[in-house]
Amino acid sequence: MSAINYIEEHKEQFLNELLELLKIPSVSADKKFAGDVRKAAEYLKTKFEELDTHVEICETAGYPIVYAEHIKNPNLPTVLVYGHYDVQPADPYELWDSPPFEPVIKNEKIYARGSADDKGQMYMHVKAYEALIKTDSLPCNVKFMIEGEEEVGSENLEVFVKENRKKLAADVILISDTAMISNETPSINVGLKGLSYLEVEVVGPNRDLHSGVYGGAVANPINILCQMIASLQDEKGRITIPGFYDKVQELSDEYRAKMAEAPFNLDDFKKDLGIDEVKGEEGYSTIERTGIRPTLDVNGIWGGYIGEGAKTVLPSKANAKISMRLVPDQTSDEITKLFEEHFKSIAPKSVKVKVTPHHGGEPAVTPTDSIGYKAAVKAMAKSWGKDPIPTREGGSIPIVALFKEELGLDSILMGFGLNEDAIHSPNESYGLFNYYRGIETISYFYQFFTDMSKS
C-alpha cells in the first residue's frame, strides 16, 4: 500500500484523533488551563509511542516540548518538523456559535479553537509521518519539536534550542502554521513579520473619583490614553514614533509588481469582513500593507467601569495592549525601546506612564533557491496540479529567526490554512479539504526533498 492510499483509507481515524486533541483546552496564556496544556503534550507523546517512535517530554521552565525522532539512516537527509500544541484563549466565549473546545463539523469545516492554529496543521505532520511509517516508505530521517508556548512568545523554546543544537541537527525545518491564498491557488509563505508586543498603563489620581465632583479639573487617564494612542499614527497611516522607519527594508518596484500578481479581490475582502472601506498606510496596496509594511495596532484597552448600568466614575488608571508588526531590517528590541521612549515623552505631566514589554520576535525571509523550498513547490504542484505562488504574511513566528541564528537552518513555511479560518477569533475553523490535502502534500515533500538532496 502506498502512503497516499493509506491516507485515504484512514481519513476517519485521522479526523477523530484531531477532534480528540481539539477537545483539550491547551490555552498557554491562562494558568487555569495549565493541566490541560500538559495533557495535550501527553496526548502527542502517546500517538508517537503508538508508532514505535522514540519520543520524549522535554521539560522547560514553562510548558514541555514534545520531541520525537526516527533516524532511518544517518547518511540520509533529516527534516526537522516544528509545530505547537498550545492555543489562543477562546474569549469571548459568547461570540462562538458552538463551544470552542467541543469541535463541530459543518460546511466541510472543523470549528474549534486551535483547529487551524496550530493543532490541525501540526497534526497533519504526525499523520503524514504515520502514513509513511506504516507503508515503509519514509525516505529520510525525521525529527519533531512541538512546543506548548508559541502563543505566549516561545520564551523557553530559545533555551531548549540553544542547549540541544546537536539533538536538533537537520537539513531543513518544515513548518505548517501559515495560510495559503485559497484552495484553488496554493501558495508558500516566504516572509514573516517580526513582533514587538507590550502593555501600557496611564495613571492619574490616586483613586477613582466622582466624575461630577472632579470632572474637568483632573486628568482622566482613559481620555489621555486615547489621545496618546491616536497620536501614534498620522493622517496618512504612518507611525509617528521617531526612528521607527529608519531600518525598514524598502522593496523594489519589480518585487511589488510580482506581489500584485497574486489573486486578490478587494471587494471580496471587504465583503468577507463586513466593512465598506479598507484603511492603512498611504501609497501601498492591501496586500503590501499586510505583507511588507510595518504596523501598529491596539489589541485591547480597558479602564474605569464597564459593568452593567451606570457608574459615573473618573478612573484612576487606564491600560492598553499594543503590538507592532515589524519587517526586515527592524529588530524587536530596538523598536520596543523607541516606542517606550516616545510614549513616555508624549505623556502630559498630569499622568504617569508605565510601559511593560511582553514578548517579541524578529522578521524572517526564506530564500526561494534552496532545496527545501524547491521540494515544497514540487510537493504542492503535485497535489494541486499547479505551482504555488510565493507570498509574504503579516503574522509572526518568532522562532523562525531563532532557528536560522542558532541552528543555521531555513524554515519552509508550507501552511494550508486560509485567511477565512478566523484564527485568534471566535468560530475558528479549518477545512477538511485542507487537513487531508496537507497530509498528502507533506508526504510528497519528504520524497522530493530526499531525491533533490541526493542529486
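**Exercise 1. How many residues does the hairpin that joins strand 1 to strand 2 pass through?**

Before solving, a word on the model: it is predicted, with local features needing pLDDT of at least 70 and side-chain atom pairs counting only at pLDDT 80 or more, while totals for chains, interfaces and linings use all residues. Residues are numbered from 1 along each chain as its sequence is written, and side-chain values use heavy atoms, with hydrogens and water left out.

*Solution.*
- Step 1: Begin with the elements; helices (H or I, at least four residues) and strands (E, at least two) are DSSP runs, numbered from the N terminus.
- Step 2: Strand 1 covers residues 54-58 and strand 2 covers residues 65-70; they pair in the antiparallel sense over five bridges. Two strands pair if DSSP finds at least two bridges between them.
- Step 3: The hairpin joins these strands through six residues.
- Step 4: To check the register, look at valine 55, which stands opposite alanine 68 in strand 2.

**Exercise 2. Find which residue of strand 6 stands opposite valine 66.**

*Solution.*
- Step 1: Strand 6 (residues 141-147) is paired with strand 2 in the antiparallel sense, again over five bridges.
- Step 2: Opposite valine 66 you will find isoleucine 146.

**Exercise 3. Describe the four-stranded sheet and the helix that packs on it.**

*Solution.*
- Step 1: The order of this open sheet is 11-13-9-14, and its pairing is antiparallel.
- Step 2: At the edges are strand 11 (295-303) and strand 14 (352-361), each pairing on one side only.
- Step 3: On average, neighbouring strands of this sheet are turned by 15 degrees against each other, direction ignored. For such angles, axes are lines fitted to C-alpha atoms, for helices over the stretch in contact, and angles run from 0 to 180 degrees between N-to-C directions.
- Step 4: Strand 9 (residues 194-203) runs antiparallel to strand 14, joined to it by nine bridges. One register to verify is valine 203, whose bridge partner in strand 14 is lysine 352.
- Step 5: Now add helix 7 (residues 221-230), which packs on the sheet and touches strand 9, strand 11, strand 13 (317-326) and strand 14. Its direction makes about 15 degrees with that of strand 13. Contact here means heavy atoms within 4.5 Å.

**Exercise 4. Work out which strands stand at the edges of the sheet 4-5-18, and which helix packs on this sheet.**

*Solution.*
- Step 1: The sheet is open, with three strands and antiparallel pairing.
- Step 2: Strand 4 (104-106) and strand 18 (429-431) are at the edges with a single partner strand each, so one side of each is left without a neighbour in the sheet.
- Step 3: Here the average turn between neighbouring strands is 25 degrees, direction ignored.
- Step 4: Three bridges link strand 5 (residues 109-111) to strand 18, which run antiparallel; lysine 109 has glycine 431 as its bridge partner in strand 18.
- Step 5: Helix 14 packs on the sheet, touching strand 4, strand 5 and strand 18, and its direction makes about 60 degrees with that of strand 18.

**Exercise 5. Analyse how helix 2 meets helix 14.**

*Solution.*
- Step 1: The axes of helix 2 (residues 11-22) and helix 14 (residues 432-454) come within 12 Å and cross at roughly 115 degrees.
- Step 2: The two helices are therefore roughly perpendicular to each other. The classes are roughly parallel under 35 degrees, roughly antiparallel over 145, roughly perpendicular from 65 to 115, and oblique for the rest.
- Step 3: Lys11, Phe14, Leu15 and Leu18 of helix 2 meet Leu432, Tyr435, Tyr436 and Ile439 of helix 14.
- Step 4: These contact residues divide into seven nonpolar, no polar and one charged. Ala, Val, Leu, Ile, Met, Phe, Trp, Tyr, Cys and Pro count as nonpolar, Asp, Glu, Lys and Arg as charged, and the others, Gly among them, as polar.

**Exercise 6. Decide whether alanine 131 is buried or exposed, and list its contacts.**

*Solution.*
- Step 1: Alanine 131 is found in helix 4 (residues 119-134).
- Step 2: Its relative accessibility is 0%, so alanine 131 counts as buried. Buried means under 20% relative accessible area, exposed over 50%, and partly exposed in between (1.4 Å probe, protein chains only).
- Step 3: Leaving aside neighbours within four places in sequence, alanine 131 is in contact with Ala3, Tyr6, Ile7 and Ser137.
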